[in-house]
Amino acid sequence: MLDPIPHQSPLEAAVFHALDIAPLAVEALREVDHLFNSRLRRRAHALAANIEAGRFFFDRDLQDLTLLLEPISAAIERGWVTEIIADENCVSGSWINHRLTKEAEELRRVAAPLLALHHALMRVHNERLADQAITRILENPTG
């Protein structure tokens with residue numbers, strides 16, 4: 001884990017957090033590789049290689065990760081099942097249960113670091129935009 005610097009800015013904290021969780025996302029990318037077509041597989045390998053080499057391109061990595069999460073999210077969505085549970089104690093005689101299949105639940109667990117990295121990269125992106133907006137306001141306070 002990277003040690004936070006005392007009195008660091010929100011942007012610095014966001015970058016530290018993204019860098020800290022990125023290795024877990026690389027492991028997850030390797031485990032979900034089978035869900036990608038060849039184009040996405042190349043992006044996943046490039047993203048993993050960049051992270052492992054310490055080259056982080058926050059905006060591009062965010063775009064790539066957004067694309068990589070699409071087939072994963074779709075596979076998880078396809079894993080939802082609806083069951084009607086007969087229950088003699090229920091007024092209507094049954095109730096409905098929505099749950100993920102074991103496979104979809106496992107995929108969601110495996111993909112959690114990718115989603116965490118996506119959120120961390122979104123935070124970096126938003127902090128950068130906020131810093132830029134603040135700089136513009138301070139440079140031209142009258143608008």
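Helices (H or I, at least four residues) and strands (E, at least two) are DSSP runs, numbered from the N terminus. The legends below describe a predicted model, in which local features need pLDDT of at least 70 and side-chain atom pairs count only at pLDDT 80 or more, while totals for chains, interfaces and linings use all residues. Residues are numbered from 1 along each chain as its sequence is written, and side-chain values use heavy atoms, with hydrogens and water left out.

**The whole protein has 4 helices and 2 strands.** Read from the N terminus, the order of the elements is α-α-α-β-β-α. The protein has a radius of gyration of 21 Å, well over the 15 Å that the globule rule gives for 143 residues, so the protein is more spread out than a compact globule. (The radius of gyration is taken over C-alpha atoms, and the globule rule is 2.2 Å times the number of residues to the power 0.38.) Along the principal axes, the C-alpha atoms fill a box of roughly 70 × 40 × 30 Å. Of the 143 residues, 29% are buried; buried means under 20% relative accessible area, exposed over 50%, and partly exposed in between (1.4 Å probe, protein chains only).

**R30 and E52 form a salt bridge between two helices.** A salt bridge is a side-chain nitrogen of Lys or Arg within 4 Å of a carboxyl oxygen of Asp or Glu. In this pair, the closest N and O atoms are 2.6 Å apart. R30 belongs to helix α1 (residues 10-31) and E52 to helix α2 (residues 38-52), so the pair links distant parts of the chain, 22 residues apart. The structure holds 7 salt bridges.

**R99 and E83 form a salt bridge between two strands.** The N to O distance in this pair is 2.9 Å. R99 is in strand β2 (residues 94-100) and E83 is in strand β1 (residues 80-86), so the salt bridge ties together parts that are 16 residues apart in sequence. R99 is partly exposed, at 34% relative accessible area. E83 is also partly exposed, at 24%.

**R109 and E106 form a salt bridge within one helix.** Their side chains meet at 2.4 Å, N to O. Both residues lie in helix α4 (residues 102-139), and because they are 3 residues apart there, about one helical turn separates them. E106 is partly exposed, with a relative accessibility of 37%.

**H118 is a buried residue of helix α4.** Its relative accessibility is 15%. Contact means heavy atoms within 4.5 Å. Leaving aside neighbours within four places in sequence, H118 is in contact with L62, L65, T66 and L69. For the protein as a whole, contacts between residues at least 6 apart in sequence join residues at least 24 apart in 63% of cases.

**I76 is a buried residue of helix α3.** Helix α3 covers residues 58-78. I76 has a relative accessible area of 12%. Not counting residues up to four places away in sequence, I76 touches L100, A104, L107 and R108. One of these partners, L100, is 24 residues from I76 along the chain, and the C-alpha atoms of the two are separated by 7.8 Å.

**A74 is a partly exposed residue of helix α3.** The relative accessible area of A74 is 32%. From A74 to T135 the distance is 40 Å, C-alpha to C-alpha, and the two residues are 61 residues apart in sequence.

**H17 is a partly exposed residue of helix α1.** The relative accessibility of H17 is 37%. H17 and A116 are 99 residues apart along the chain, and their C-alpha atoms are separated by 10.0 Å.

**The surface and the charges are described for the whole protein.** The accessible surface comes to about 9400 Å², and 58% of this surface belongs to carbon and sulfur atoms. (Accessible areas come from the Shrake-Rupley method with a 1.4 Å probe; for residues, only the protein chains shown count as cover.) The protein has 15 positive and 21 negative charges, and the mean positions of the two sets are 7 Å apart. Lys and Arg count as positive and Asp and Glu as negative, while His and the chain ends are not counted; the place of a charge is taken as NZ of Lys, CZ of Arg, CG of Asp or CD of Glu.
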